[in-house]
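Let's work through a few exercises on how the parts of a structure meet. Have the viewer open and try each task before reading its solution.

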There are 2 protein chains.
Amino acid sequence: MTTDALSRVFSALSDPIRRDMVARLADGDATVNELAEPYDVTVQAVSKHLRVLEEAGLVSRSRQAQRRPVHLEAGVFDLMSTWIERYRRHAEERYRRLDDVLAALPDDVEPVPPTRQGA
Amino acid sequence: MTTDALSRVFSALSDPIRRDMVARLADGDATVNELAEPYDVTVQAVSKHLRVLEEAGLVSRSRQAQRRPVHLEAGVFDLMSTWIERYRRHAEERYRRLDDVLAALPDDVEPVPPTRQGA
């Protein structure tokens, strides 16, 4: 379900270490050990973070290779971007309509409250 | 701190009811009672969700008005979009470089593994 997928993606990215890992993987695939290197945490802790990212669909791991490098599934970003852009556009359109109303007011009169119709 | 702000925003949006509220507020300000209406939850539960959105900077509430309508702070979307787009672009550039390498191969020969230099 899309709703759950989005919840998982947003939740996975609510942790700064996981966002950092995504940032690193955007530059190229990496092994768990390579990903663990910059952090003062155990490889187990890193594996746990990776599992969260994997369950959210943000990363995948090759099954064949011995090294099993971690790969960023950048397409998942689209899911978030689509959601964000939809509501950003809604909000912007609302402001634009307000601007149009204000711009349509004659310059030489004070704005007045709208008259109630059918009241 | 930006890192914490981002964590709060992603965390706030990891809940489907809170995303729904943001979607609703993109169409216009609303009171707590209006926001609670479509859900089978108490006004208290809705207030709790709103507090999470407020702490993430995603919504604000007017202090003066008796109705205290909730207002979407659409600018916070920029914070997420900037983060997402930066790493999406990184990943895309990486694929483009790979495409360039493949395109530069002569058509009439099979791709060969790169020769090792200085080995």
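**Exercise 1. How much area do chain B and chain A bury between them, and which residues of chain B lose the most area to chain A?**

Solution. Start with the total: in this predicted model, the two chains bury about 2800 Å² between them, with 62% of it on carbon and sulfur atoms. Next, look at the individual residues on one side: B:Arg19, B:Trp83 and B:Arg94 lose the most area to chain A, and together they make up 20% of what the chain B side buries. Finally, turn to contacts: 33 residues of chain B are in contact with 33 residues of chain A.

**Exercise 2. Find the salt bridges across the interface of chain B and chain A, and say which elements one of these pairs links.**

Solution. Step one is the count: the rule finds 2 salt bridges across the interface of chain B and chain A. Step two is to apply the cut-off, a side-chain nitrogen of Lys or Arg within 4 Å of a carboxyl oxygen of Asp or Glu. The side chains of B:Asp78 and A:Arg88 meet at 2.2 Å, N to O. The side chains of B:Arg88 and A:Asp78 also form a salt bridge, at 2.2 Å, N to O. Step three places this pair: B:Arg88 lies in helix 5 of chain B and A:Asp78 in helix 5 (residues 76-104) of chain A, so the pair joins two chains. For context, the count over all chains comes to 4 salt bridges.

**Exercise 3. Which elements of chain B supply the side that touches chain A, and what classes of residue does that side hold?**

Solution. Begin with the polar contacts: the rule finds 10 residue pairs across the interface of chain B and chain A, both residues at pLDDT 80 or more. Then go through the elements: helix 1 (2-12), helix 2 (16-25), strand 2 (70-72) and helix 5 (76-103) of chain B each supply at least two residues of the side that touches chain A. Helix 5 of chain B gives the largest share, 13 residues. Sorted by class, the side of chain B that touches chain A has 17 nonpolar, 8 polar and 8 charged residues.

**Exercise 4. What turn and shift lay chain B on chain A?**

Solution. Chain B can be laid on chain A by a turn of 180° and a shift of 0.0 Å along the axis, with an RMSD of 0.1 Å. The two copies are thus related as by a two-fold rotation axis. Now compare the surfaces: 100% of the interface residues of chain B are also interface residues in chain A, so the copies meet through the same surface.

**Exercise 5. Describe how domain 1 and domain 2 of chain A meet.**

Solution. First, the bounds: the domain assignment of chain A gives domain 1 (2-72) and domain 2 (74-105). Their centres, taken over C-alpha atoms, are separated by 31 Å. The contact takes 11 residues from domain 1 of chain A and 6 residues from domain 2 of chain A.

Second, the area: the two domains of chain A bury about 720 Å² between them, 89% of it on carbon and sulfur atoms. A:Leu6, A:Phe10 and A:Leu72 supply 51% of the area that domain 1 buries against domain 2, more than any other three residues.

Third, the pairings: across this domain interface of chain A the rule finds 0 salt bridges and 1 residue pair in polar contact, both at pLDDT 80 or more. Helix 1 (residues 2-12) of chain A gives the most to the domain 1 side, with 5 residues. By class, that side of domain 1 of chain A has 9 nonpolar, 2 polar and no charged residues.

Definitions and conventions
Residues numbered from 1 in each chain as written. Chains lettered and ligands numbered in written order. Predicted model: local features only at pLDDT ≥ 70, side-chain atom pairs only at ≥ 80, totals over all residues. Heavy atoms only, no water. Contact = heavy atoms within 4.5 Å. Buried area = accessible area lost by both parts, 1.4 Å probe. Polar contact = N/O pair within 3.5 Å; in protein donor to acceptor, adjacent residues only side chain to side chain. Helix = DSSP H or I, 4+ residues; strand = E, 2+ residues; numbered from the N terminus. Nonpolar A, V, L, I, M, F, W, Y, C, P; charged D, E, K, R; others polar. Domains from an automatic or database assignment. Least-squares fit on C-alpha atoms with pLDDT ≥ 70 in both.
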